[in-house]
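These are my notebook entries on a single chain. I began with one pairing and then worked outward to the fold as a whole.

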Amino acid sequence: MTALRYQSGFGNQFATEALPGALPVGRNSPQRPPLGLYAELLSGSAFTAPRADNRRTWFYRHQPSVVVGGYTPLALPLWATGAASGVAAPPDPLRWHPVPMPAEDLDFLDGLRTVVVNGDADAQTGMAAHLAFITRSMERRACVNADGELLLVPQSGTLHLQTECGHLDVAPGEIAVIPRGLAFRVAVDGPSSAYVCENYGAPFRLPELGPIGSNGLANPRDFLAPVAAFDDERAQPRTDWEIVKKFGGSFWRATQDHSPFNVVAWHGNLTPLKYDTAHFMTIGSISFDHPDPSIFTVLTSPSDTPGTANCDVVIFPPRWLVAEDTFRPPWYHRNVMSEFMGLVHGQYDAKPEGFRPGGASLHNSMVPHGPDTEAFAKASAATLAPHKLDHTLAFMFESRWRMKPTAWALRDGALDTAYAACWAGLKEQTTP
Ligand SMILES: [Fe+2]
């Protein structure tokens, strides 16, 4: 497969055409758009959202997306939505072993299993964390998620994304964002898996940098958007496409006699994006103390309370530890935010053994957690020479809303019932 071309920059005003002259010049909706195409606007924000938050893209396409058959219900029972679809769980730290790849034929939609949920998609609040197990490509099947945007974290196998804006290849180590409402399909080369964050709230954006300045963390130019590409069906016999729409936590299907990927040209700043986490410029202590993990924020979905995210996407990539007189792993803590973590590859420094690639953990609001006995003993006695944490990529979806596990996660999700034992060896320190 040849390498795809991309355009660079987070939230840029891109302009791209797969056929020369397909983009109108100087206006968005001419009386007769070039090449006889239909103009269609996709808005990712309210029309009157502040300019800095306003996201929209103009499509020029063979058919507007309103041309689709009637929708009928579709059952995807393991894809849950909102806090109401979670179950009560005790305020213990929870952890899951990697779930083995299922034996069945599963495309991205069939293979999605929700682990935790919060908020309410109808209220555009909250998020969900899912695991996707994919053994086959979506063939002539596309998804439109009206409930939120999807952030994909591939764990094994490359995801080939086809979207209305074009194609993206996303490999482990990279992440991708598919905006709310944009049609997409996922193709794979073989069995593949991914973590997925579904964000019902404000679209992900880059965090403010404050005193860090104008550079650092995830730099805008390292985000890549696709170039326009469309399915040319003129030479092929027409067969139906299935459009699956997620709408208020329910799933609906319709068929149409043409590909939804029929956008010949587009311009705008509402686009799918991918980002290679190897480009993340980490910030850390060069004196003492472990800074707050917010220094590792890649993208944030703000809530209506400043600094209190609907969802932060945080990564723990390779980095140097150099702090003096410092316990270098994360400290013991409990906080108001709720934390869902996963591990793409390697080892996480606070849990060297029990937290495995493909696994997950949940430390909910005010649930205490921190380094396990082994990590504590090692870090307390370590010689504090510069040390590189290498060959590792952990991540966290952090939310102000408490996360509820699903029945699937507690029953079939490989829950680690012995998780609490990882702290059992911490001895009580008696003072003289
Ligand atoms: Fe934490």
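**Entry 1: strand 27 and its partners**

I looked up Phe340 first and found that its bridge partner in strand 27 is Phe397. I note here that the model is a predicted one. Phe340 lies in a strand of residues 338–345, strand 24, which pairs with strand 27 in the antiparallel sense over seven bridges.

I then looked for a further partner of strand 27. Strand 22, residues 309–316, also pairs with strand 27 in the antiparallel sense, here over five bridges. Within strand 27, Phe395 stands opposite Ile315.

Is strand 27 enclosed or open to the outside? I checked its residues, 393–399, and seven of the seven are buried, so the strand is largely enclosed by the rest of the structure. In a regular strand, side chains alternate between the two faces of the sheet. I therefore sorted the residues of strand 27 by side, with cover on both faces: Leu393, Phe395, Phe397 and Ser399 are buried on one side, and Ala394, Met396 and Glu398 are buried on the other.

**Entry 2: the loop before strand 27**

I next examined His391, which is placed in the loop between strand 26 (387–389) and strand 27. His391 has a phi near 55°, a positive value in a residue other than glycine. I recorded this because most residues other than glycine have a negative phi. His391 counts as exposed, with 9 C-beta neighbours inside 10 Å, where the cut-off for exposed is 12 or fewer.

I found a phi near 55° for Gln124 as well, again positive in a residue other than glycine. Gln124 sits in the loop between strand 7 (112–117) and strand 8. With 15 other C-beta atoms within 10 Å, Gln124 is partly exposed.

**Entry 3: the nine-stranded sheet**

I traced an open sheet of nine strands with antiparallel pairing, in the order 1-16-20-13-10-15-8-7-28. Its edges are strand 1 (6–8) and strand 28 (404–405), each of which pairs on one side only.

Inside this order I followed strand 10 and strand 15. Strand 10 covers residues 149–156 and strand 15 covers residues 192–199; the two run antiparallel and are joined by seven bridges. One residue I checked was Leu152, whose bridge partner in strand 15 is Val196.

**Entry 4: the core**

Which residues have the most contacts inside the largest nonpolar core? I listed Leu151, Leu152, Val313 and Phe395, in a core of 101 residues. Strand 8, residues 127–134, gives the most to this core, with seven residues. In soluble globular proteins, nonpolar side chains tend to be buried together.

I then took Leu151 on its own. Leaving aside neighbours within four places in sequence, Leu151 is in contact with Ile175, Val177, Val196, Cys197, Asn199, Phe204 and Val313.

**Entry 5: the chain overall**

I counted two helices and 28 strands in the chain. Its radius of gyration is 22 Å, close to the 22 Å that the globule rule gives for 432 residues, so the chain is as compact as a globular protein of that length. The C-alpha trace spans about 85 × 45 × 40 Å along the principal axes.

Of the 432 residues, 43% count as buried. Finally I looked at contacts with a separation of 6 or more: residues 24 or more positions apart account for 79% of them.

Note on methods:
Residues are numbered from 1 along each chain as its sequence is written. This is a predicted model: local features need pLDDT of at least 70, side-chain atom pairs count only at pLDDT 80 or more; totals for chains, interfaces and linings use all residues. Two strands pair if DSSP finds at least two bridges between them. Helices (H or I, at least four residues) and strands (E, at least two) are DSSP runs, numbered from the N terminus. A residue is buried if 20 or more other C-beta atoms lie within 10 Å of its own, exposed if 12 or fewer, and partly exposed in between; C-beta atoms are placed from the backbone. The radius of gyration is taken over C-alpha atoms; the globule rule is 2.2 Å times the number of residues to the power 0.38. Two residues are in contact if their C-beta atoms, placed from the backbone, lie within 7 Å. A nonpolar core is a set of buried Ala, Val, Leu, Ile, Met, Phe, Trp, Tyr and Cys residues joined through C-beta atoms within 7 Å.
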